[in-house]
Amino acid sequence: MYLTKLLLRDFGKFHNEEINLQPGINLIEGKEGSGKSTIREFITGIIYGMRKQSGENPNRRAYDSLRPEGRSRYSGTGYAKQGDQTYLIDRSFLAGAKKTSVLDVRTGREMNLKKPDSLYGTVLETDKNTYQDTYVIADTEGRAAEELTTYLGNKIQTGSGSLDRAKAIAFLKGEQKKHSPQPLVRRLDDLSEKLEKYDDVDEALEQNKKALRQLTDDFAIEAAKRKRVARQLVENEDGTVSYKNDEELDKRLDRLTESQNSYGASELEDDQEKKKKLTDNFIVILLTGVLVIGIIAAIVYLLPFDDAVRKLFVIFTALFVIITMLDGFRAKGYFDDEDVTVPTEDDFNRVLEELEEENEKKEEAEFDMTFAKEYSAKKDELKAEESRLLDRKIKRDKLKKEFQQVFKKKSELEEELHSIHLAISTIEGLSRKYQEQAAKTFIPYISEYVEPLTGGRFNEIRFNAGEGLVVEGAGGSFALDVLPEDLANRVYLAVRLSIAARMSEEKLPLVIDDIVDFQGEADARAFLDVLSGISTEQIVLLTSNAYIRRAMDAEHMAYNHVSL
């Protein structure tokens, strides 16, 4: 893939700046401060996007430094060509805006990107980190030795020049220590021990309720007995026998029974309401009858009968349903007089016999209100016990809720720790894999361009994690960090170009931003000879060095020139 046009509408110092590019070498010349590095960032941004990330990191600093001052827009457009397809990529880099629109110019249709804000996964198979590690070579600002040592170490161990294996593992291990589940385990043990003391509270509450119900029943029975004992038998003038109530005593007992029997009354009423059948409701029965008549009438009028037959059928059906309903009402007692009870003769005689027996015992029974006082005292005890048990239940429920919350947090923490452990294992496993790949793919070739780019001073580069990077030549072996800045930059460029040549499976724009200050046309020509051996569709050279263009003209090389 290569870029054909860049339009920096509002990006960095540029406003509506148009840059036309071609396949092959594109030489973009400009003095210091002309915006060469801004164009480099724009090329990466137009392909992969630019996110505003939190914290102090290079991505956040780049986002903030390239956002135009005094303008509300932060956007640009690029045209890219891949095979016979051309894509128009339009972006707004502002956080919260619709970031990317990719149009297939041939069909005129907007593409659905698989990865948000990036051509990766839809148009390209190379991710942003790999692209920057492989295809973007920028000025090290005097830190060539440090940058190259870090870059190679990361590239060998993680496959990415920006991902430090040691730092990643150290960070993950630090997270493991910070998220230890042991305090939560200890808290769960403590809560379990406390909860054991409340195991009997539900059973105790149930027993207390039963005792209260039994006490209420016992009181009602005793009050009824006392009321019957208080009755007096009398002989009438005609010789018949009847009984006479002590009305004042009856009233006292009735009031006492009602007041003391109030506990559980609402529960009993609720039970009775639940037990009441829907079919006992007068309105429901009536509506059901009307519905049945209506359904039968509708069915009859749908069948091929004469009108007279239909009317007779409906009338007889209605009469049948009405009679059935009335019979049901009668069976359920809707027509009974609830205030009238007619006892049988046997019932009457039996009551007389019981009253005679009770009258004989009346003199032996001392009637007082002690039973009511005892009942009230016992009920107060049970209610006090109930209150105590309810308090214990509330405390138990609070402990249970806390236990569930702590257990959930512990489970989440253990899941997180498992993920961290898995991440560490994955990094270590991938690191071994990348080291094996590096030993085959680019490590044997990192010395490939060092001789022409250093003017023959060095011919070999050696690197290992413990020793660092060492260059060798006729003058001996030297650690990279002791070399002059210009030589260190040339070694850095040689290593980066060797990796780009060996790992550029997908042909993407190779961007080189002012690495070496070439000291003549011959020096620049050696650099151009190295570039000509790298297989890629497009090279973008961003430079302030005039010798490169002179060398290209002297060699009659084809290139696209842009002056900033």
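The legends below describe several close-up views of a predicted model of one protein chain.

**View 1. The whole chain and the confidence of its prediction.**
The chain has 564 residues, of which 36% count as buried, and its secondary structure comprises 17 helices and 16 strands. Its accessible surface comes to about 33,900 Å², and 51% of that area belongs to carbon and sulfur atoms. Among contacts between residues at least 6 apart in sequence, 68% join residues at least 24 apart. The mean pLDDT of the chain is 81, with 80% of the residues reaching 70 or more. Two stretches call for caution: pLDDT stays under 50 over residues 347–352, for which the model has one contact beyond four places in sequence, and also over residues 358–367, for which there are twelve such contacts. Where pLDDT is low, the predicted coordinates should not be read in detail.

**View 2. The parallel sheet of five strands.**
This open sheet has the strand order 8-14-15-3-16, with parallel pairing. Strand 8 (136–138) and strand 16 are the edge strands, each pairing on one side only, and the twist from one strand to the next averages 10°. Strand 14 (residues 510–513) is joined to strand 15 by four bridges in the parallel sense, and within this pair D513 stands opposite L542 of strand 15. Strand 15 (residues 538–543) also runs parallel to strand 3, to which six bridges join it, and here T543 of strand 15 is the bridge partner of E29.

**View 3. Strand 3 and its surroundings.**
Is strand 3 (residues 24–29) largely enclosed by the rest of the structure, or left open? Five of its six residues are buried, so strand 3 is largely enclosed. Strand 3 pairs in the parallel sense with strand 16 (residues 559–563) over five bridges, and I28 stands opposite V562 in strand 16. Helix 17 (residues 546–554) lies across strand 3, strand 15 and strand 16, and its direction makes an angle of about 140° with strand 3.

**View 4. The antiparallel sheet of three strands, with helix 4 across it.**
An open sheet of three strands follows the order 11-12-13, and its pairing is antiparallel. Strand 11 (460–464) and strand 13 (476–479) stand at the edges with a single partner strand each, so one side of each has no neighbour in the sheet. The twist averages 25° from one strand to the next. Strand 11 and strand 12 (residues 468–473) run antiparallel and are joined by five bridges, with I461 standing opposite V471 of strand 12. Helix 4 (residues 144–158) lies across strand 11 and strand 12, running at about 65° to strand 11.

**View 5. The largest nonpolar core, centred on V491 for this view.**
The largest nonpolar core has 84 residues, and those with the most contacts inside it are V491, L497, I512, F527 and L541. Helix 15 (residues 485–503) gives the most to this core, with ten residues. Which residues does V491 touch, leaving aside those up to four places away in sequence? V491 touches L148, V450, T454, I461, L469, V471, L480 and L483. I461 and V471, which stand opposite each other in the three-stranded sheet, are thus both seen again in this view as contacts of V491. Apart from this core lies another, of nine residues, among them L191, L195, Y198 and L413.

**View 6. Strands 4, 5 and 6.**
Strand 4 (residues 75–82) is joined to strand 5 (residues 85–92) by eight bridges, and the two run antiparallel. They form a hairpin with two residues between them, and G83 in the turn has a positive phi of about 65°. K81 stands opposite T86 in strand 5. Strand 5 also pairs with strand 6 (residues 100–104), in the antiparallel sense and over five bridges, and in that pair L88 stands opposite L103 of strand 6.

**View 7. K194 in helix 6.**
K194 has its place in helix 6 (residues 182–196), and at 34% relative accessibility it counts as partly exposed. Its contacts, not counting residues up to four places away in sequence, are with R187 and L399. Although K194 and K400 are 206 residues apart in sequence, they are 9.9 Å apart in space, C-alpha to C-alpha.

Key:
Residues are numbered from 1 along each chain as its sequence is written. This is a predicted model: local features need pLDDT of at least 70, side-chain atom pairs count only at pLDDT 80 or more; totals for chains, interfaces and linings use all residues. Side-chain values use heavy atoms; hydrogens and water are left out. pLDDT is the predictor's confidence in each residue, from 0 to 100. Contact means heavy atoms within 4.5 Å. Two strands pair if DSSP finds at least two bridges between them. Axes are lines fitted to C-alpha atoms, for helices over the stretch in contact, and angles run from 0 to 180 degrees between N-to-C directions. A nonpolar core is a set of buried Ala, Val, Leu, Ile, Met, Phe, Trp, Tyr and Cys residues joined through side-chain atoms within 4.5 Å. Buried means under 20% relative accessible area, exposed over 50%, partly exposed in between (1.4 Å probe, protein chains only). Accessible areas come from the Shrake-Rupley method with a 1.4 Å probe; for residues, only the protein chains shown count as cover.
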